[in-house]
Amino acid sequence: MFCFTFGCNVKQNSSDRQSLSSDTIRYAQGFTVQHFDDYTSVEVRDPWDSTRILQRYLLVDRNQSLSGNLPKGTVVRTPVQNIVVYTSVHAAIIDQLGEIGRVIGVCEPRYMDTPAIQKGLKAGKIADLGEATAPNIEKIIDIGAEIIIASPFQNAGYGPAEKLGIPIIEAADYMESLPLGRTEWIRFYGLLFDKSALADSIFHETEQRYLDLKGLVKHVQNRPTVISEKKFGSSWYMPAGDSYIAHLYADAGADYVFKDLPGAGSTPLAFETVLDKAIHADLWLIKYNQATEMTYKDLRTEYTPYENFDAFKNRRIYTCNTGVVPYYEEFPIHPDYLLKDLVWVFHPELLPGYTPRYYRKME
């Protein structure tokens, strides 16, 4: 057995099983793929401990008999059918693969903006399973679910769902720090549906558009300084320097003020800390969810000290209302959409006539 990607720490006697090929994963660090004669092995790495494997999935054609000498792992019959999905992101990915008809249950449908999901819910073809943290186990059994797709969290399991004997696909794509790394997980999901060719096509087309946009700003001399979001409660959760959003800012030609924050997640900072370091930032990007468009008056009313930032004074704040645009459904699989918006924000002269998909200049 051989591996070109991160996360391979499983030893297997080559005389026991002949490996046919090993997919080279170019950006994602969270999973590996290896093809064998009678199954495909996908190993998902523990995002919080790179020395261990979170899960090994053995994908076996559902029309093929199970081999008696499969290695240890969770057997998943493909193409998968009768799926339960916990998150809107993965519902949208399944829709991209043209397999939304296989979804029979979802959690937290109020967040599911995929039209086909809402249509299925209204028609009674898709069950509302309640909250993702405590799904309706009886209903999962009643509807005949064969597989669950859910996002793992550190030091947290899936409760009673783990005892059902139903494979749980631990979709840790959100832990990838590189935008194209997160996108590349569609290659794993494509294997579940026997849609590898389509998944690879979606990935490579997205990759090409992303790299073309990144190349557009390669030689820009002026990189505006930028900060992200706003405070929540007593803390301002600022994306760290190796985070998904920090990479996007850099690829779009900006100088992220907090690029030196360690880690790939978000760091809670005191408002005074942010103000001290970012008071003179050129641009400020904010996401929110409300019925009406956010204004400078709204921002000042929410927290008066916001008006001390240069970006506030100079009216250089850009906002994304996630309640009216499909931001969270699209950007994990299409970071090129988001990158194009950011290039427009930072260097509008490079995209003349472009109408942004998510962001608008705060009026």
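The protein chain has twelve helices and 17 strands, where helices (H or I, at least four residues) and strands (E, at least two) are DSSP runs numbered from the N terminus. The radius of gyration of the chain is 22 Å, close to the 21 Å that the globule rule gives for 363 residues, so the chain is as compact as a globular protein of that length. That radius is taken over C-alpha atoms, and the globule rule is 2.2 Å times the number of residues to the power 0.38. The C-alpha trace spans about 70 × 45 × 40 Å along its principal axes.

This is a predicted model, in which local features need pLDDT of at least 70 and side-chain atom pairs count only at pLDDT 80 or more, while totals for chains, interfaces and linings use all residues. Residues are numbered from 1 along each chain as its sequence is written, and side-chain values use heavy atoms, with hydrogens and water left out.

Of the 363 residues, 51% count as buried; buried means under 20% relative accessible area, exposed over 50%, and partly exposed in between, with a 1.4 Å probe and protein chains only. Contacts, meaning heavy atoms within 4.5 Å, link distant parts of the sequence: among those in the chain with a separation of 6 or more, 56% are between residues 24 or more positions apart.

One place to begin is an open sheet of five strands in the order 8-7-6-9-10, with parallel pairing. Two strands pair if DSSP finds at least two bridges between them. Strand 8 (127-128) and strand 10 (168-170) stand at the edges with a single partner strand each, so one side of each has no neighbour in the sheet. Strand 6 (residues 83-85) and strand 9 (residues 147-150) are joined in the parallel sense by three bridges, and V84 stands opposite I148 in strand 9. Across strand 6, strand 7 (103-106) and strand 9 lies helix 1 (residues 88-96), which runs at about 135 degrees to strand 6. For such angles, axes are lines fitted to C-alpha atoms, for helices over the stretch in contact, and the angles run from 0 to 180 degrees between N-to-C directions.

I148 also serves as a reference point for G68. The C-alpha atoms of these two residues are separated by 25 Å, and the residues are 80 apart along the chain. G68 lies in the loop between strand 4 (53-61) and strand 5 (74-78). Is G68 buried or exposed? With a relative accessible area of 85%, G68 is exposed.

A further open sheet of five strands has the order 13-11-15-16-17, and its pairing is mixed. Its edge strands, strand 13 (255-256) and strand 17 (360-361), each pair on one side only. Strand 11 (residues 225-228) and strand 15 (residues 283-288) run parallel and are joined by three bridges, with V226 opposite L283. Strand 15 also pairs with strand 16 in the parallel sense, over five bridges; here T319 in strand 16 is the bridge partner of I286. Helix 12 (residues 335-346) lies across strand 11, strand 15 and strand 16 (317-321), at about 140 degrees to strand 15.

Why is strand 15 largely enclosed by the rest of the structure? Six of its six residues are buried, so the surrounding structure largely encloses it. In a regular strand the side chains alternate between the two faces of the sheet. In strand 15 both faces are covered, with L283, L285 and K287 buried on one side and W284, I286 and Y288 buried on the other.

W284 and L285 are also among the residues with the most contacts inside the largest nonpolar core, which has 99 residues. A nonpolar core is a set of buried Ala, Val, Leu, Ile, Met, Phe, Trp, Tyr and Cys residues joined through side-chain atoms within 4.5 Å. Helix 12 gives the most to this core, with seven residues. Another core, of 15 residues, lies apart from it and includes I104, A127, L129 and A161.

Helix 7 (residues 244-251) is mostly covered, as seven of its eight residues are buried. Among the buried ones are Y244, H247 and D251. Just after helix 7, G253 takes a positive phi of about 90 degrees.

The cysteines come last. C107 counts as buried because its relative accessibility is 0%, and C320 is likewise buried at 0%. The structure holds zero disulfides, a disulfide being a pair of cysteine sulfur atoms within 2.5 Å.
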